[in-house]
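The following note is offered to a colleague examining this model. The points below are arranged by region and may be read alongside the coordinates.

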Amino acid sequence: MLVEVDDLDAALGLYAALREARLPGVIDLVPAARTVLIRLDPAITSPAEVREATSALPLKGPSRGYAGSVEIPVTYNGPDLPDVAAHLGVTPAEVIKLHTSARWTVAFSGFAPGFGYLTGPELDVPRRDSPRTRIPAGSVGLAGRFSGVYPHDSPGGWQLIGTTTIRMWDLDRPEPALLVPGVQVTFRAVES
């Protein structure tokens with residue numbers, strides 16, 4: 001079942017309420033920017049029962065929870081850093097300062113295994129007009145109100161501001177994804 005809401009805050013509020021409610025038969029919840037995917041066990045519940053229970057939940061606003069913290073070292077050498085600075089009306093050094101002085105929170109995961117959508121300061125940056133066909137793993141980018149780190153080589157349209165050597169997705173870890181919803185992230189500038 002996919003529940004559509006108005007915005008990210010409403011999606012995170014619904015996600016938190018559903019997690020707390022622990023509705024019978026709900027086996028997984030996947031938040032996104034304006035939706036919450038509810039996976040259910042049809043042997044225990046039905047979409048109609050979940051819809052009714054969901055509509056009765058009290059929503060107290062977004063809850064981003066806390067799932068630990070991660071520091072990510074970044075070499076701020078991204079090809080789009082000058083364009084991001086120009087768009088924001090600041091210098092590249094100020095973009096770096098804004099990016100590293102904030103505490104970011106993983107709001108949700110998606111796009112690719114290990115890709116966390118991080119919310120933080122209001123760095124509203126448009127996606128590129130023309131996506132790249134290959135972005136290397138470890139690329140740090142901005143798009144809309146989000147920051148993120150590409151876990152694998154993949155196509156993408158985010159504005160690239162730096163790179164990291166930290167692996168976002170590693171099947172040899174107990175939890176393969178480094179960035180899961182609720183994790184607090186800080187970025188630290190390092191030399192290349």
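1. The model is a predicted one. A convenient place to begin is the pairing of strand S8 (residues 139-143) with S11: four bridges join the two strands, which run antiparallel. Within this pairing, Gly-141 has Leu-160 of S11 as its bridge partner.

2. Is strand S11 mostly covered or mostly uncovered? Strand S11, residues 159-163, is mostly covered, with four of its five residues buried.

3. Gln-159 deserves separate comment. This residue has its place in strand S11, and Gln-159 is buried because its relative accessible area, 10%, falls under the 20% cut-off. The side chain of Gln-159 reaches the backbone oxygen of Pro-126 at 3.0 Å.

4. The surroundings of Gln-159 draw on several parts of the chain. Leaving aside residues up to four places away in sequence, Gln-159 touches Val-125, Pro-126, Arg-127 and Arg-128, among others. Its contacts also include Val-140, Gly-141 and Leu-142, as well as Asp-80 and Val-84. Of these, Gly-141 is the residue whose bridge partner in S11 is Leu-160, and Val-84 is one of the buried residues of helix H3.

5. Helix H3 comprises residues 81-88, and Leu-81, Val-84 and Ala-85 are buried in it. Seen down the axis of H3, these buried residues fall within an arc of 100°, and they therefore line one face of the helix. Asp-83 and Ala-86, on the other side of H3, are exposed.

6. What covers the buried residues of H3? The cover includes helix H4 (92-101), together with S8 and S11. Just after H3, Gly-89 adopts a positive phi of about 75°.

7. A further region to inspect is the open sheet formed by three strands in the order S1-S3-S2, with antiparallel pairing. Its edge strands are S1 (2-4) and S2 (26-31), each of which pairs on one side only. From one strand to the next, the twist averages 20°.

8. Within that sheet, S2 and strand S3 (residues 35-40) run antiparallel and are joined by five bridges. Asp-28 has Arg-39 as its bridge partner in S3.

9. Which helix lies across S1, S2 and S3? Helix H1, residues 8-21, does so, running at about 25° to S3.

Technical notes
Residues numbered from 1 in each chain as written. Predicted model: local features only at pLDDT ≥ 70, side-chain atom pairs only at ≥ 80, totals over all residues. Heavy atoms only, no water. Pairing = 2+ DSSP bridges. Axes fitted to C-alpha atoms, helices over the stretch in contact; angles between N-to-C directions. Contact = heavy atoms within 4.5 Å. Buried < 20%, exposed > 50% of the residue type's maximum accessible area, 1.4 Å probe, protein only. Arc of directions from axis to C-beta. Polar contact = N/O pair within 3.5 Å; in protein donor to acceptor, adjacent residues only side chain to side chain.
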